[in-house]
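Okay, thanks for making time, everyone. I'd like to walk you through one model today, starting with charges, then rings, then a helix pair. Let me put it up on the screen.

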Amino acid sequence: MSLGMKISRDKAIELVSALLAESREKGPELAIIGINPTPVGWVVACNSARYALNPEARNLLIGGGPYLVDGDDGSVYRIPGETFRVYDWQAMFRERFKGVDPPDELLESVRELALSGGRMAALRLLRKEVPSLDIARAREYVGAVMEGRKPPAGTLAMTRKAEPFSPLPIERISGPIE
């Protein structure tokens, strides 16, 4: 096992192999070509069985992404190729499936300024960074931060920068295991 995971490498291979066996009827035969530990689980790369035996470009399937076996509960997820290569898929996974909010640099900046420069300085910074935020919501946001609470979800959503293009979502395929 690695990185404090409850699910072993062998168990991750077993879980993905079972999924690949089920999918043989729907498309080309796939095989596991690599497995790597990450802080959230095992990333299992797959490609055509022909590529696994003979890794030449003509045997390569393109466009697909790896599977992720959750290191805690053995759930298996499909990560679209572009999402895996271009985006912070681990943060996306933690947010969507583990309920972990991504780091919020603005929130930290507002908190630091509120503590060092006071409420008005924090309000000015917040309104400068998010001009669309009305004064009532800005006060609510700064007040929550100063009290050590999380700002209301609606207000928080307004302060976060959206991705320029929405990545394809990570999809749960199976699990958790018992």
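So, first up: Asp70, Asp72 and Lys98 are joined in a network of salt bridges. By salt bridge I mean a side-chain nitrogen of Lys or Arg within 4 Å of a carboxyl oxygen of Asp or Glu.

Before I go on, the housekeeping. This is a predicted model, where local features need pLDDT of at least 70 and side-chain atom pairs count only at pLDDT 80 or more, while totals for chains, interfaces and linings use all residues. Residues are numbered from 1 along each chain as its sequence is written, and side-chain values use heavy atoms, with hydrogens and water left out.

Back to the charges. Within that network, the side chains of Asp72 and Lys98 come together at 3.8 Å, N to O. Asp72 sits in the loop between β3 (67-70) and β4 (76-78) and Lys98 in helix α4 (residues 89-98), so this pair ties together parts that are 26 residues apart in sequence. Helices here are DSSP runs of H or I with at least four residues, strands are runs of E with at least two, and both are numbered from the N terminus.

Buried or exposed, where does Asp72 fall? It counts as partly exposed, at 43% relative accessibility, and Lys98 is partly exposed too, at 35%. For those words, buried is under 20% relative accessible area, exposed is over 50%, and partly exposed is in between, with a 1.4 Å probe and protein chains only.

How many salt bridges does the count come to? The answer is 7. One of them links Arg149 and Glu147, with the closest N and O atoms 2.9 Å apart. Arg149 is partly exposed at 44%, whereas Glu147 counts as exposed at 57%.

Now the rings. There are 4 aromatic pairs in the structure. Rings of Phe, Tyr and Trp (its six-membered ring) pair if their centres lie within 6.5 Å; planes under 30 degrees apart are stacked, over 60 edge-to-face, and the rest tilted. Take Tyr77 and Phe97: that pair is tilted, 4.6 Å centre to centre with 55 degrees between the planes. Tyr77 is in strand β4 and Phe97 in helix α4, so they tie together parts 20 residues apart in sequence. Both Tyr77 and Phe97 are buried.

Phe93 joins in as well. Its ring centre is 5.7 Å from that of Phe97 and the planes are at 35 degrees, so this pair is also tilted. Phe93 and Phe97 are 4 residues apart in α4, about one turn of the helix. Phe93 is buried, at 0% relative accessibility. Put together, ring pairs link Tyr77, Phe93 and Phe97 into a cluster.

Phe93 also turns up around Val40, which is in the loop between β1 (30-38) and β2 (41-48). Leaving aside neighbours within four places in sequence, Val40 has contacts (heavy atoms within 4.5 Å) that include Phe93, Trp89 and Asp70. Val40 is buried, at 8%.

Last stop, the helix pair. Leu106, Leu107, Val110, Arg111 and Ala114 in α5 meet Tyr141, Val142, Val145 and Met146 in α7. Arg111 has its own salt bridge with Glu108, at 2.9 Å, N to O. They are 3 residues apart in helix α5, so about one helical turn separates them.

That's my tour; happy to take questions.
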